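Visitor: Could you walk me through one part of this model in some detail? I'd like to hear how a helix packs against its neighbours.

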Amino acid sequence: MADITETSTGSATQAAAPTRPAKRIKWEAVGDHAILIAGALLMLVPVYMVFATSSWDAITIHRQGMQFGFGDQFGVNYDAALFEYGGFTDSVNGMTMLANSMILGLGFAIGKIIVGMMAAYAIVYFRLKFATLAFWMIFTTLLLPLEVRILPSYEVITWMNLGNTYTGLIVPLIASATATFFFRQYFRSIPEELIEAARIDGAGPVKFFIDILVPLSKTMIAAMFIIMFVFGWNQYLWPTLITTDESLFTLVRGIRQIIQSYADGSETPDYGQAAALAIIAMTPPVLIVVFFQSWFVKGLTESDK
């Protein structure tokens, strides 16, 4: 009898114990993460290979190709890439090219931001008769990339004797339809009450622009700075046409100059030094994006208010 009672009590206890539902595998989430991981690897593996290859000597790379492992020439290649003078005239090194790329990137970013803000300010706040038409004419220039208008741009720079100058590198390309579009969208989201309050306080157009619009546009300026800096930093075609003086070569042009020796058949290219220059060329844009990434997202989303 006692055994029956104990058995009944045990069965009741087991029946009363809550059962945890089995966790179901969310295959959609697994698929999403797999796609993201595959995309990340697709972008990061080539960068890793360049970084690893930058630690090998030129002969090994020439015979065996890109490397996955690390060699013993890491410091030698980076030291040569930054401080060893080369080129046809032996008058340029990596630090000079790094400075030129920095000037080009900053010049593009700052110039395009200033021109884009001023153009958007005029379109939004000045009651111009053909403001909308002017905006769409500016916007349609997005359909005309640099490659389409390269010859007339080159003719103008040659006529103005701006070849082999920073002015010739930067000024002809600082007009930006992209910056004008985003600043126009952002300015249109600013409340009308703020404009009326500034007008009542006696703020003129210049004071309103400098003291109110510019501080309010910090996030949008940061977003545009990232886009335009990377665009200017990665320029290759325009600097190649405008500059023949090696002291004005950029990093992107310098990498090509190292590989060019292979086409000439004169000597084995220093692939390790070229890979080191490529890594150096990647670093500033990556740092800019990492530093401004939160402002970048905030600036682009705020324009849709």
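Guide: Let's start with handedness: a crossing is right-handed if the near helix is turned clockwise from the far one by less than a right angle, and left-handed if anticlockwise. Keep in mind that this is a predicted model. Now take H5, which covers 94-125, and H12, which covers 218-233. Their crossing is right-handed. The axes of H5 and H12 come within 8 Å and cross at roughly 135 degrees, so the two helices are oblique to each other. On the H5 side, the contact includes Leu98, Met102, Phe108, Lys112 and Met117, and H12 brings in residues including Ile221, Phe225, Met228 and Trp233. By class, that contact has 15 nonpolar, three polar and one charged residues.

H5 also packs on H11 (residues 205-216), with the axes 12 Å apart and an angle of about 115 degrees. H5 and H11 are therefore roughly perpendicular to each other, and this crossing is right-handed too. Here Met117, Met118, Tyr121 and Tyr125 of H5 meet Pro205, Phe208, Phe209, Leu213 and Val214 of H11. The residues of this contact are nine nonpolar, no polar and no charged.

There's a pocket to look at as well: the largest one holds about 570 Å³ of space. It is lined by 25 residues, and Lys112 is among the closest to its centre, along with Thr141, Arg149, Ala175 and Ser176. H5, H9 (177-188) and H12 each supply at least two residues of that lining, which by class has 17 nonpolar, five polar and three charged residues.

Conventions: Residues numbered from 1 in each chain as written. Predicted model: local features only at pLDDT ≥ 70, side-chain atom pairs only at ≥ 80, totals over all residues. Heavy atoms only, no water. 1 Å grid on protein atoms, 1.4 Å probe; cavity = no way out; pocket = protein on both sides within 12 Å on 5 of 7 lines; lining within 4 Å. Points joined across faces, edges and corners; volume = space filled by probe spheres on them. Helix = DSSP H or I, 4+ residues; strand = E, 2+ residues; numbered from the N terminus. Nonpolar A, V, L, I, M, F, W, Y, C, P; charged D, E, K, R; others polar. Axes fitted to C-alpha atoms, helices over the stretch in contact; angles between N-to-C directions. Parallel < 35°, antiparallel > 145°, perpendicular 65-115°, else oblique. Contact = heavy atoms within 4.5 Å.
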